[in-house]
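Here are a few exercises to work through with the structure open beside you. Try each task before you read its solution.

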Amino acid sequence: MPEPGRNHGGEHQSAMSLVYAGICCHAPGITNRPEAADAEAFGALIKEFDRLREEIHAARPDALFVISAEHFANFFSDNMPAYAIGMADHYEGPIENSDWLGISKVTVPGNAALSRRIIELSMHEADVSYAEEWNFDHGIMVPLHHVTPRYDLPVIPANINCQSPPFSPLSRAYQFGLALRSAFDAIPERIALLGTGGTSHWPCTPDSGKINADWDRTFLDRWAKHDVDAMTGYDDGDIVGDAGGGALEIRTSIAVAGAAGGLGDVRFYKPIPEFACGCLIASMTVN
């Protein structure tokens, strides 16, 4: 008997299409300079990326929905949607120099028709923008390099603005996840969901490489317990002060929690200063 899902009203229904939910880091150093990190720590990280790939494959998804953070690769301050979803049949990446990132230029398959249905259904509960052209940067390409190395699974990208204030409240990131779940529950296709982003890090600042591991572990504990009030109760100013501007990317993890609805399992967390962040991989049960 299929595991129950949730409909638009939050009640349970008899079937669902969200077959997997997880989160992971997307630090460019993972592919840019892997040799710089402690070999044991890097090996453990790659082992968990392998496990993530195997679990996604075992879930037999028709598409991988990836929620990342905007890094000014597609949107800028003159046009910065709070939430955007890609709607194309293919995407190009990485936008960065391949020699620098360590990932070759590829064409990643999408599914415009499926994207459109998800967007239209999501709009019942969240205001989302869409883009028919989308350049993948490290935020998506580093995870794809590890979890879909043959680029043979259609990808639907989504971005949350975590870069340019004003920011959507954390509670709205959770609501975005709920809206996505309602959309997934209304379609027959099997969807795997992956949120990518950092916890504490200070990108492009003199503090780059600094990591607040205690802050990271506290957030991940709240995420794993699915404590919505605690997850969404942070003040953005405090986040920046305590965990750096990069930690605003916790919105992607919060959105995944909203969609999955279950408890999390943090499989890997370790500060890796050479990658300028605490690297993490976790899954969440789908309720």
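**Exercise 1. List what Leu64 touches beyond its sequence neighbours, and say where this residue sits.**

Step 1. Keep in mind that you're working on a predicted model. Skip residues up to four places away in sequence, and Leu64 is left touching Ile56, Leu144, Val147, Thr148, Leu153, Pro154, Val155, Ile156, Ala192, Leu193 and Leu194.

Step 2. Place the residue: Leu64 belongs to strand S4.

Step 3. Check its exposure. The cut-off for buried is under 20% relative accessible area. Leu64 comes out at 0%, so it counts as buried.

Step 4. Take one of those contacts and look along the chain. Leu64 and Leu193 are 129 residues apart in sequence, and 5.9 Å separates their C-alpha atoms.

**Exercise 2. Find how many aromatic pairs the structure holds, then classify two of them.**

Step 1. Searching the whole structure gives 8 aromatic pairs.

Step 2. Start with Phe65 and Phe184. Their ring centres are 5.5 Å apart and the planes meet at 70 degrees, so this pair is edge-to-face. The cut-off used here is over 60 degrees.

Step 3. Now ask what the pair connects. Phe65 is in strand S4 (residues 63-69) and Phe184 is in helix H6 (residues 170-185), so the contact ties together parts 119 residues apart in sequence. Both Phe65 and Phe184 are buried.

Step 4. Go on to Trp215 and Phe219. With centres 6.3 Å apart and planes at 15 degrees, the pair is stacked. Stacked requires planes under 30 degrees apart.

Step 5. Trp215 and Phe219 both sit in helix H7 (residues 213-224), 4 residues apart, which is about one helical turn. Trp215 is buried, and Phe219 is too. Ring pairs also bring in Tyr234, giving a cluster of Trp215, Phe219 and Tyr234.

**Exercise 3. Work out which residues of helix H4 are buried, and how they are arranged around the axis.**

Step 1. Go through H4 (residues 112-122) and pick out the buried residues: Ala112, Leu114, Ser115, Ile118, Ile119 and Ser122.

Step 2. Look down the axis. These residues span an arc of only 160 degrees, so they lie on the same side of H4.

Step 3. Try helix H10 (residues 250-260) as another case. Here 11 of its 11 residues are buried, among them Ile250, Arg251, Ser253 and Ala260. After H10 comes Gly261, with a positive phi near 80 degrees.

**Exercise 4. Describe the largest pocket and the second largest pocket by volume and lining.**

Step 1. The largest pocket holds about 580 Å³. Its lining has 29 residues, and His71, His138, His201, Pro203 and Cys204 are the ones nearest the centre.

Step 2. Sort that lining by type: 14 nonpolar, 11 polar and 4 charged.

Step 3. Pick His201 for a closer look. You'll find it in the loop between strand S10 (191-196) and H7. His201 has 11% relative accessibility, so it counts as buried. Beyond four places in sequence, its contacts include Lys210, Gly245, Glu249 and Cys277.

Step 4. Turn to the second largest pocket, at about 260 Å³. Its lining includes Arg53, Glu54, His57, Arg60, Pro149 and Asp152.

Step 5. Helix H2 (residues 39-58) gives the most to this lining, with 4 residues. By type, the lining of the second largest pocket splits into 5 nonpolar, 2 polar and 5 charged.

**Exercise 5. Count the cavities of 30 Å³ or more and describe what lines the largest cavity.**

Step 1. A quick reminder of the idea: a probe the size of a water molecule is rolled over the atoms to show where empty space is left.

Step 2. The count is 1 cavity of 30 Å³ or more. The space in the largest cavity is about 40 Å³.

Step 3. Read off the lining: Ala69, Glu70, His71, Ala73, Asn74, Trp134, Asn135, Phe136, Asp137, Ile140 and Asn159. That makes 5 nonpolar, 4 polar and 2 charged residues.

Step 4. Compare with the pocket from the previous exercise. His71 lines the largest cavity, and His71 is also one of the residues nearest the centre of the largest pocket.

Methods:
Residues are numbered from 1 along each chain as its sequence is written. This is a predicted model: local features need pLDDT of at least 70, side-chain atom pairs count only at pLDDT 80 or more; totals for chains, interfaces and linings use all residues. Side-chain values use heavy atoms; hydrogens and water are left out. On a 1 Å grid over the protein atoms alone, a cavity is a set of points where a 1.4 Å probe fits but cannot get out, and a pocket is an open set with protein on both sides within 12 Å along at least five of seven lines; lining residues have an atom within 4 Å of a point. Grid points are joined across faces, edges and corners, and a volume is the space filled by probe spheres set on the points. Ala, Val, Leu, Ile, Met, Phe, Trp, Tyr, Cys and Pro count as nonpolar, Asp, Glu, Lys and Arg as charged, and the others, Gly among them, as polar. Rings of Phe, Tyr and Trp (its six-membered ring) pair if their centres lie within 6.5 Å; planes under 30 degrees apart count as stacked, over 60 as edge-to-face and the rest as tilted. Helices (H or I, at least four residues) and strands (E, at least two) are DSSP runs, numbered from the N terminus. Buried means under 20% relative accessible area, exposed over 50%, partly exposed in between (1.4 Å probe, protein chains only). The arc is that of the directions from the helix axis to the C-beta atoms. Contact means heavy atoms within 4.5 Å.
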